[in-house]
Amino acid sequence: MRSGVAPYLQIVGQVRQAGAVGAVGLLVEGDQLPTVKEVVAKVAINPNTVSKAYRELEHLGLVAAKPGVGTFITRSLGQASLADHGPLQDELRAWLGKARSAGLTGPGIEAMFQNTYRESTEEEK
């Protein structure tokens, strides 16, 4: 099944999600991501796609590549950080309710968010 989200953005999203719950131990600062070669072997995806995802994560400031060593998580969104943004979460919940009322489902909401996010970051450049 196709999600409508570019494969490299799916990887970025998965790493971000794992970092968002870093407080419970999925991904925390200092953790090493699998190498591009390891991801390609497990997921059967183009190496350039994985590299693009890792570059995007680096651009977002979530990881740092150390040549010859690997790619490491540099920061995560732990629970305290999320709690600090309660009003933003409330606004997002309200928006999600409006999106569902408009007939969007999970994959459609994710695709819209990713596309809008990508467009907004391109505008900032």
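A residue is called buried when its relative accessible area is under 20%, and in this predicted model buried residues make up 27% of the 125 residues in the protein. The surface that the protein exposes comes to about 8600 Å², with carbon and sulfur atoms supplying 56% of it.

The secondary structure consists of six helices and two strands, and from the N terminus on these elements follow the order α-α-α-β-β-α-α-α. Confidence varies along the chain: the mean pLDDT of the protein is 82, and 82% of its residues reach 70 or more, while among the elements helix H3 has the highest mean, 93, and helix H4, residues 79-83, the lowest, 56. Where pLDDT is low, the predicted coordinates should not be read in detail.

The interior is best approached through the largest nonpolar core, which holds 19 residues, and in which Leu 33, Tyr 54 and Leu 57 touch the most other members. Helix H1 (7-20) and helix H3 (47-59) are the elements that give two or more residues to this core, and H1 provides the largest share, six residues. Leaving aside residues up to four places away in sequence, Tyr 54 touches Ile 11, Leu 33, Pro 34, Val 36, Val 39, Val 63 and Thr 71.

Ser 51 also lies in helix H3, and because its relative accessibility is 25%, Ser 51 counts as partly exposed. The C-alpha atom of Ser 51 is separated by 6.6 Å from that of Val 36, although the two residues are 15 apart along the chain. For the protein as a whole, among contacts between residues at least 6 apart in sequence, 54% join residues at least 24 apart.

Methods: Residues numbered from 1 in each chain as written. Predicted model: local features only at pLDDT ≥ 70, side-chain atom pairs only at ≥ 80, totals over all residues. Heavy atoms only, no water. Core = buried A, V, L, I, M, F, W, Y, C linked by side-chain atoms within 4.5 Å. Buried < 20%, exposed > 50% of the residue type's maximum accessible area, 1.4 Å probe, protein only. Helix = DSSP H or I, 4+ residues; strand = E, 2+ residues; numbered from the N terminus. Contact = heavy atoms within 4.5 Å. pLDDT = per-residue confidence, 0-100. Areas by Shrake-Rupley, 256 points an atom, 1.4 Å probe, with all protein chains shown as cover.
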